[in-house]
Amino acid sequence: MVALPVFLQAPWVRMAPFSATLFTAPLLLAGLLLERSQRPRWCSAGALLVGFSGSWLAGCLFWGWCRLHPVWHLPIEAFALPLAIGGLQGRWRLAASFYLASLLGTACTDGVMALTGVMGWWVQVLEAPIQQAPQLLHQAALGVLEPLPLVITACAGVLLSALCWRTWDHADPAWRLAASALATTLAVDGLFLAAALWAPQLSGLI
């Protein structure tokens, strides 16, 4: 559910942001119905789907209408933060854990992009003609390989990996779910960097 938006939501929002946003409704409805199931696995899957629907809606709103304003990325992604914090103490604990872990992953990604200078390329890449965008994205990725940006990126990756490792052994399934979401975020970020370096025309950022 962390990787799905990369391969499905990104191109969908690019082509038809309104319909992608409306898809939040069936996602949320399916989650609510599954959560009421008497089977524990279906119930957990429903709660997870509810949390995922929050991340899906935020992604649609940003990438559909605000993608040229990176400063709004994290605030829009955090629109359900009060609900998620409140949900940690009740039946929606899994939903809240998934949403909060995804939000933390987004915050870390944006923070590293800002510290390494990649954020400065954001608008240029998205506004460039489709023929020029891959080259600009490639240049941005090459900047990450400079000594200081590379150290920053590596340190962030190590810290997040250590956090995932520690929380994975927690007895509470919500913590293990959060660890999985963070670990997948790291993997997706690595995939984006690799694509920007070797096959920028395939990157969802364009």
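How far apart should the ends of helix α11 be, given its 26 residues at 1.5 Å a residue? The expected span is 38 Å, and the end C-alpha atoms of α11 (residues 173-198) lie 37 Å apart, which agrees. Do keep in mind that this is a predicted model.

Helix α11 also has a cap at its N-terminal end: a side-chain oxygen of D172 sits 2.9 Å from the backbone nitrogen of A174. A174 is itself one of the buried residues of α11. Others in that buried set include L177, L182, T185, V188 and L197.

Now to the aromatic rings. The structure contains eight aromatic pairs. In one of them, the ring planes of W12 and W56 meet at 70 degrees with centres 5.9 Å apart, so this pair is edge-to-face. Because W12 belongs to helix α1 (residues 4-15) and W56 to helix α4 (residues 40-66), the pair ties together parts that are 44 residues apart in sequence.

Another pair, W63 with W122, is stacked, with 5 degrees between the planes and 5.6 Å from centre to centre. This pair links distant parts of the chain too, with W63 in helix α4 and W122 in helix α8 (residues 122-127), 59 residues apart.

Here is how accessible these four tryptophans are:

| Residue | Relative accessible area | Class |
|---|---|---|
| W12 | 23% | partly exposed |
| W56 | 1% | buried |
| W63 | 25% | partly exposed |
| W122 | 8% | buried |

Finally, W12 and W56 come up once more: together with F23, F52 and F98, they form one aromatic cluster.

Conventions
Residues are numbered from 1 along each chain as its sequence is written. This is a predicted model: local features need pLDDT of at least 70, side-chain atom pairs count only at pLDDT 80 or more; totals for chains, interfaces and linings use all residues. Side-chain values use heavy atoms; hydrogens and water are left out. Helices (H or I, at least four residues) and strands (E, at least two) are DSSP runs, numbered from the N terminus. The expected span of a helix is 1.5 Å times one less than its number of residues. Buried means under 20% relative accessible area, exposed over 50%, partly exposed in between (1.4 Å probe, protein chains only). A polar contact is a pair of N or O atoms within 3.5 Å; within protein, one must be able to donate a hydrogen and the other to accept it, and residues adjacent in sequence count only if both atoms are side-chain atoms. Rings of Phe, Tyr and Trp (its six-membered ring) pair if their centres lie within 6.5 Å; planes under 30 degrees apart count as stacked, over 60 as edge-to-face and the rest as tilted.
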